[in-house]
Protein chains: 2
Amino acid sequence: MIFSKRCLHALRAVLYVGTQPPERDYIPIREISTKLDIPFHFLTKILKDLADQGFIESSRGAAGGIRLAKPTAELNVKEIIESIEGEDYFSGCILGFSKCDAANPCALHDRWVAIKEEIQKMLGEEHLESLSTRIQEQGLRLLEM
Amino acid sequence: MIFSKRCLHALRAVLYVGTQPPERDYIPIREISTKLDIPFHFLTKILKDLADQGFIESSRGAAGGIRLAKPTAELNVKEIIESIEGEDYFSGCILGFSKCDAANPCALHDRWVAIKEEIQKMLGEEHLESLSTRIQEQGLRLLEM
DNA sequence: TTTAATTAAGACAAAAAGGTCTGATTTAGA
DNA sequence: TCTAAATCAGACCTTTTTGTCTTAATTAAA
Ligand code: FES
Ligand code: FES
């Protein structure tokens, strides 16, 4: 499971925001870029897309930046990934056929479907709250790559 | 799980060869290219790599082409994929950290490790024989994309 | 020995992904 | 009202991936 750089940058950025003290409002993108070592202008574009998708909100000007647009419990990991990699990222055929179709399966279909359902279940259950809590309580890695 | 075009072309090509009648020796790349609708010269390069890796053998000249270098039961799907996507394709961190490390886990580590072990187990069990048999006996799709 | 069929090699091009830069716009606060 | 700090917009560049083209080398068979 190799996500694109865009996707990894996006996930790490929202995790960074999600683990900030609640009294903070907008977080400057420059801060996220520096802390996570993500190219600033590239990150700006990625976050603009996330804002357009409704995951985060942004504010220009002094004291501006980004903040989460919903409670962390409602920011689902699978949804964020799919908004970047494409809606059918987790539903496609593992051998690359046009559509994963039980009525016209490929040679790995049965075995793959079982696994990809687990992946979707797992990522569908995880949201920014569960991840942020784990990061904070267990001191999990987020800053270094 | 999105494999690169290189990888998908490679898998489909060896599956095509593996499902040919046993009396056929070398299969021309042009035939594979046409049947599977894969760009000929691109496929040539991909198959050259597979030949260098020892999965297939090639012969130039008239009556030339490629054939499998080992019995189908010894041509493992995971190995083929890893030879193209990289040895650590299935072992990396889902959040893109430098190394998936239980001693320094990311926020999805525990959940992801369980799934990726299943993926590795599944692909490690599948080989050209199991896939070819399924394709032939059940008439599974291989030609169209 | 010639010819046709084939892979090998490598230059090149096109498309996609990743990244940089400059300037415009917006905002809070001095 | 001015200024500094920030996002937004879009042109541009670089790298990787994907694909094309031409030519050389090899092989079987006429
Ligand atoms: S058809 Fe290939 S995975 Fe379902
Ligand atoms: S450290 Fe991220 S999956 Fe293991």
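This text walks through a predicted model of two protein chains and two DNA strands.

Start with the two protein chains. Chain B can be laid on chain A by a turn of 180° and a shift of 0.0 Å along the axis, with an RMSD of 0.0 Å. That is the relation of a two-fold axis. The interface tells a matching story. Of the interface residues of chain B, 100% are also interface residues in chain A, so the copies meet through the same surface.

Now look inside chain A. Helix α1 covers residues 5-18, and A:H9 is found in this helix. A:H9 has a relative accessible area of 9%. Buried means under 20%, so A:H9 counts as buried. What is A:H9 in contact with, leaving aside its neighbours within four places in sequence? The partners are A:I38, A:P39, A:F42, A:L43 and A:I46.

Turn next to DNA strand D. It is surrounded by 24 residues. The closest are A:I29, A:S58 and A:R60, along with B:F42 and B:R60. Of the strand D atoms that come within 4 Å of the protein, 71% belong to sugar and phosphate. Backbone atoms of the protein take part here. A polar backbone atom of A:I29 is 2.4 Å from a phosphate oxygen of strand D. For B:K5, a polar backbone atom is 3.0 Å from a phosphate oxygen of strand D. B:A62 pairs with a base instead: one of its polar backbone atoms is 2.9 Å from a base oxygen of strand D. Which elements give two or more residues to the surface near strand D? In chain A they are α3 (40-52) and β1 (56-59); in chain B they are α1 (5-18) and α3 (40-52). By type, the residues of this surface divide into eight nonpolar, nine polar and seven charged.

DNA strand C comes next. Here 25 residues surround the strand, and the closest are A:F42, A:R60, B:I29, B:S58 and B:R60. Sugar or phosphate holds 68% of the strand C atoms within 4 Å of the protein, and the rest belong to bases. Side chains of chain B reach this strand. A polar side-chain atom of B:S58 lies 2.7 Å from a phosphate oxygen of strand C. B:K48 has a side-chain N or O atom 3.2 Å from a phosphate oxygen. The B:K45 side chain has a polar atom 3.2 Å from a base nitrogen. Two or more residues near strand C come from each of α1 and α3 of chain A, and α3 and β1 (56-59) of chain B. The most come from α3(B), with four residues. This surface divides into eight nonpolar, ten polar and seven charged residues.

Terms used
Residues are numbered from 1 along each chain as its sequence is written. Chains are lettered from A and ligands numbered from 1 in the order in which they are written. This is a predicted model: local features need pLDDT of at least 70, side-chain atom pairs count only at pLDDT 80 or more; totals for chains, interfaces and linings use all residues. Side-chain values use heavy atoms; hydrogens and water are left out. Copies are superposed by least squares on the C-alpha atoms of residues with pLDDT of at least 70 in both. Contact means heavy atoms within 4.5 Å. Buried means under 20% relative accessible area, exposed over 50%, partly exposed in between (1.4 Å probe, protein chains only). A residue is near a molecule or strand if one of its heavy atoms lies within 4 Å of it. A polar contact is a pair of N or O atoms within 3.5 Å; within protein, one must be able to donate a hydrogen and the other to accept it, and residues adjacent in sequence count only if both atoms are side-chain atoms. Ala, Val, Leu, Ile, Met, Phe, Trp, Tyr, Cys and Pro count as nonpolar, Asp, Glu, Lys and Arg as charged, and the others, Gly among them, as polar.
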